[in-house]
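Open the model in your viewer and keep the selection tool at hand. The tour goes from stop to stop, with a selection to make at each one.

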Amino acid sequence: MSGADAIVLDGFLEEETVPGDLHCSTARFRLTVSPTDERTDEMILPCSVTDPQMAHQALHELTLGDQLRVTGYLRLTRTPDDPMSLVVTELVLLQPAPTFSNAFTATLERYGPYACYFDGDTDQVPVWTETGAWVGVADTPAELAQLLEAFEQRHGAGGDQP
């Protein structure tokens with residue numbers, strides 16, 4: 001194949017890279033490619049690296065969420081159980097994944113019809129229903145199940161009934 005047959009794709013490392021063999025001289029990873037802003041246009045493409053130096057880079061220097069530019073050859077399926085993949089011949093880190101420090105300590109989690117706010121600065125967990133009705137505050141994350149159970153007993157299984 002000539003260099004003109006190679007394709008170039010930009011994407012994000014979908015999950016941690018894994019060795020392709022016992023000696024870690026090859027590597028495999030999945031790349032999320034999104035040519036437009038539409039989620040329906042996204043594609044997860046399995047990639048393989050056979051160059052030992054590039055495999056070392058992929059295994060030891062890349063992290064989940066890194067933005068990459070890969071150049072390679074698309075290996076199409078020949079049988080129904082043969083996966084399609086990109087054989088990578090060039091790998092460039094465009095932008096490393098953002099790292100979060102301890103400053104990022106709060107998160108909003110959904111538990112069925114409930115939204116819970118976890119803040120790393122306090123053990124208390126405020127809870128609302130998905131429609132915005134106030135449920136209460138669990139003193140610790142371990143007491144969250146008790147709070148939700150008590151709320152459901154008072155207001156029914158759906159949570160929002162009077």
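## Stop 1: Arg 69 and its partner

Select Arg 69: this residue is partly exposed, with a relative accessible area of 34%. Here buried means under 20% relative accessible area, exposed means over 50%, and partly exposed is in between, with a 1.4 Å probe and protein chains only as cover.

Before going on, note that this is a predicted model, in which local features need pLDDT of at least 70 and side-chain atom pairs count only at pLDDT 80 or more, while totals for chains, interfaces and linings use all residues. Residues are numbered from 1 along each chain as its sequence is written, and side-chain values use heavy atoms, with hydrogens and water left out.

Now add Asp 10, whose side chain meets that of Arg 69 in a salt bridge at 2.7 Å, N to O. The pair links distant parts of the chain, with Arg 69 in strand 5 and Asp 10 in strand 1 (residues 7-13), 59 residues apart. Asp 10 counts as partly exposed, at 31% relative accessibility. A salt bridge is a side-chain nitrogen of Lys or Arg within 4 Å of a carboxyl oxygen of Asp or Glu. Strands (E, at least two residues) and helices (H or I, at least four) are DSSP runs, numbered from the N terminus.

How many salt bridges does the structure hold? There are four. Side chains of opposite charge can pair when their charged atoms come close.

## Stop 2: Arg 75 and the nonpolar patch

Select Arg 75 and Asp 82, whose side chains form another salt bridge, at 3.3 Å from N to O. Arg 75 is partly exposed, with a relative accessible area of 35%.

Move to Leu 76, in the loop between strand 5 (67-75) and strand 6 (85-95). Leu 76 is exposed, at 53% relative accessible area. Add Ile 7, Met 43, Leu 74 and Met 84: with Leu 76 they form a nonpolar patch on the surface, with about 390 Å² of accessible area together. Patches are made of residues with over 30% relative accessible area and no salt bridge; like charges are joined within 9 Å, and nonpolar side chains (Val, Leu, Ile, Met, Phe, Trp, Tyr) within 5 Å. The areas come from the Shrake-Rupley method with a 1.4 Å probe, and for residues only the protein chains shown count as cover.

## Stop 3: two loop residues

Select Cys 24, in the loop between strand 2 (18-19) and strand 3 (27-33). Its phi is near 60°, a positive value in a residue other than glycine. Cys 24 counts as partly exposed, at 35% relative accessibility.

Next, select Gly 65, in the loop between helix 1 (52-60) and strand 5. Gly 65 is partly exposed, with a relative accessible area of 27%. Which residues does Gly 65 touch, leaving aside those up to four places away in sequence? They are Phe 12, Leu 13 and Ala 97, where contact means heavy atoms within 4.5 Å. The C-alpha atoms of Gly 65 and Leu 13 are separated by 5.0 Å, although the two are 52 residues apart along the chain.

## Stop 4: the four-stranded sheet

Select strands 7 to 10, an open sheet in the order 7-8-9-10 with antiparallel pairing. Strand 7 (106-111) and strand 10 (134-138) are the edge strands, each pairing on one side only. The twist averages 20° from one strand to the next. Two strands pair if DSSP finds at least two bridges between them.

Strand 8 and strand 9 form a hairpin with five residues between them, and three bridges join these antiparallel strands. Cys 116 stands opposite Val 127 in strand 9. On the other side, four bridges join strand 9 (residues 125-129) to strand 10. Here Pro 126 stands opposite Val 137, and Val 127 opposite Gly 136. Strand 9 is mostly covered, with four of its five residues buried.

The hairpin of strand 9 and strand 10 has four residues between the strands, and Gly 132 in it takes a positive phi near 100°.

## Stop 5: across the sheet

Select Arg 110 and Glu 130, whose side chains meet in a salt bridge at 2.7 Å, N to O. Arg 110 lies in strand 7 and Glu 130 in the loop between strand 9 and strand 10, so the pair ties together parts that are 20 residues apart in sequence. Both residues are exposed.

Conventions
Axes are lines fitted to C-alpha atoms, for helices over the stretch in contact, and angles run from 0 to 180 degrees between N-to-C directions.
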